[in-house]
Amino acid sequence: MNQDHDKHEAIDVDPQVSAHYQSLADEETPADLDDAVLREAARAVRADSRKGSFQAWYRPAAVMATVGLTLAIILDLSDPGIFSPAADMSLETALPVQTPADTTADRGPEPAQLLRMQPDLAPAATQPEGAPLEDHTGLSDVFTAEVEREKQRVQEMEAAAGTALKPAPNAAAKFARPRPAIALKPLLPEAPFACSDEQKSDVEEWWQCIATLRQSGQAAAADLELDNFREIFPDFELPE
Amino acid sequence: MPTTVATVAREVLRLQASLSTGETAAYARPMSVIPEDSALMLRYKDGDVTAFETLYRRHKDSLYRYLLRLSQNRDTAEDVFQDVWGKIIKARHRYRPTAKFTTFLYRVAHNCFIDYVRRNNRHRVASAMDPDCRPDPGDEPDLEAEKSFARQRLDAALGTIPDEQRDAFLLHEEAGLSINTIAQVTGVNRETVRSRLRYATKKLKTALAEPAVHT
């Protein structure tokens, strides 16, 4: 009823212009356009009927697949496996409380062990010296506190002796934070590392190895070993 | 609106009755009863392609002329025309007879045209309308030539008025929409539509009143 009322209201169009337009505007759509539209309309209806039968089975199958995949992911994540490196570590083994005179018995994770870890975490190799690394164990706060205490103790001893103390054997190992494996740079394919693992297990021996390489003219090998050394022992005070 | 809803309800009841009596042609009805556009669209929604065909043939020419004179370009008109019907076809499942079908159709057409112009970002070039869509002149070729010339003058006159005024004029003339409906379709208020129609008509009258120059 509202629309009928609209039709009879005054419209601001000149009736002569309107009549003139109506007499001339008689174009029709091209036949090919009609065919295209009607074909599309028929195709849409056919697609509807096909979709109906398809939907009868694919929807339940999709739901089952989603539920199965979700369960698989949940179960996989709940399994400790290799994705929780802290699972096998205890505080006692990870936090060696040592004095400068400590022997090798109570050392923390050996540098050589760290070197043997997966060597594909390159970002650790570019960390600025002393910068905190990514904590994969969840124990970085504890380690940091221990390292700070050890540093303070060394400084006190230096002040008391009045001379710069050489870091005690294996003392620098205490400064070696458990780090993620680094990208080591092999020197030669047949001799990947100039210093042996045994040498690298002791900071003094490793340092001595580097010095020997440099004295024997293998500067490149010495530099590479030094880079690796610094990664493992960033707090080690290098002698002049 | 109540008329449309009542008609649709009648259709539904009639369908139920015909199905219960076992009539094979559920949609068969006497020639005197012309199905409303909304009813045809609802039937197409249910899968009746012939209903769409009826609906299409009822509105195709006026929609085509609307787009042809709005764009002043045949290719644009054909592209947008296909676009519009494509959208109508895709929207069939969501179609609700809340307004007249022509309001729905021309709202889609108006928006499709605006989108097309924005997408293509080109100036519409007025092109002479090809005579290939004209009805058969029959035995009066001179009359048809005269008419063709007059049509060209009309198209040229329409080309001189602003787009919004031309749009309002064509919605009124081709779609037969009321001022309120034109306002709904174009998204402006009623007074703006009235003013556009007045100006459009005035300019067309002036342009058409000028002496024709036969070339």
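**Exercise 1. Which residues of H9(B) are buried?**

*Solution.* The structure is a predicted model, in which local features need pLDDT of at least 70, side-chain atom pairs count only at pLDDT 80 or more, and totals for chains, interfaces and linings use all residues. Residues are numbered from 1 along each chain as its sequence is written, while chains are lettered from A and ligands numbered from 1 in the order in which they are written.

Step 1. Apply the criterion: a residue is buried if 20 or more other C-beta atoms, placed from the backbone, lie within 10 Å of its own, exposed if 12 or fewer, and partly exposed in between.

Step 2. Read off the result: Val193(B), Arg196(B), Leu197(B), Ala200(B), Thr201(B) and Leu204(B) are the buried residues of H9(B).

Step 3. Locate them around the helix. Because they cover an arc of only 125° around the axis (taken from the directions from the helix axis to the C-beta atoms), they lie on the same side of H9(B). In general, an α-helix has 3.6 residues a turn, so residues three or four places apart point the same way.

Step 4. Turn to the other side of H9(B), where Glu191(B), Thr206(B) and Ala209(B) are exposed.

**Exercise 2. State the length of H9(B) and find what covers its buried residues.**

*Solution.* Step 1. Helices (H or I, at least four residues) and strands (E, at least two) are DSSP runs, numbered from the N terminus. H9 of chain B spans residues 190-209, which is 20 residues.

Step 2. The expected span is 1.5 Å times one less than the number of residues. From first C-alpha to last, H9(B) reaches 28 Å, close to the 28 Å expected.

Step 3. The cover of the buried residues includes H2 (15-24) of chain A, as well as H6 (141-160), H7 (163-173) and H8 (179-186) of chain B.

**Exercise 3. Describe how H7(B) and H8(B) pack.**

*Solution.* Step 1. Axes are lines fitted to C-alpha atoms, for helices over the stretch in contact, and angles run from 0 to 180 degrees between N-to-C directions. The axes of H7(B) and H8(B) are 10 Å apart, at an angle of about 130°.

Step 2. That angle makes H7(B) oblique to H8(B); angles under 35 degrees count as roughly parallel, over 145 as roughly antiparallel, 65 to 115 as roughly perpendicular and the rest as oblique.

Step 3. Two residues are in contact if their C-beta atoms, placed from the backbone, lie within 7 Å. Asp167(B), Ala168(B), Leu171(B) and His172(B) in H7(B) meet Ile182(B), Val185(B) and Thr186(B) in H8(B).

**Exercise 4. Is Ala175(B) buried or exposed?**

*Solution.* Step 1. Ala175(B) lies in the loop between H7 and H8 of chain B.

Step 2. Ala175(B) has 23 C-beta neighbours inside 10 Å and therefore counts as buried.

Step 3. Leaving out residues up to four places away in sequence, Ala175(B) touches Ser62(B), Tyr66(B), Thr102(B) and Tyr106(B). The C-alpha atoms of Ala175(B) and Thr102(B) are 7.0 Å apart, although 73 residues separate them along the chain.

**Exercise 5. Summarise the two chains and the contact between them.**

*Solution.* Step 1. Chain B contains nine helices and zero strands, and 33% of its 215 residues are buried. Chain A contains 10 helices and zero strands, and 18% of its 240 residues are buried.

Step 2. In the interface, 31 residues of chain A contact 38 residues of chain B. On the side of chain A that touches chain B, H1 (2-8), H2 and H3 (31-78) each supply at least two residues. H3(A) gives the largest share, 11 residues.
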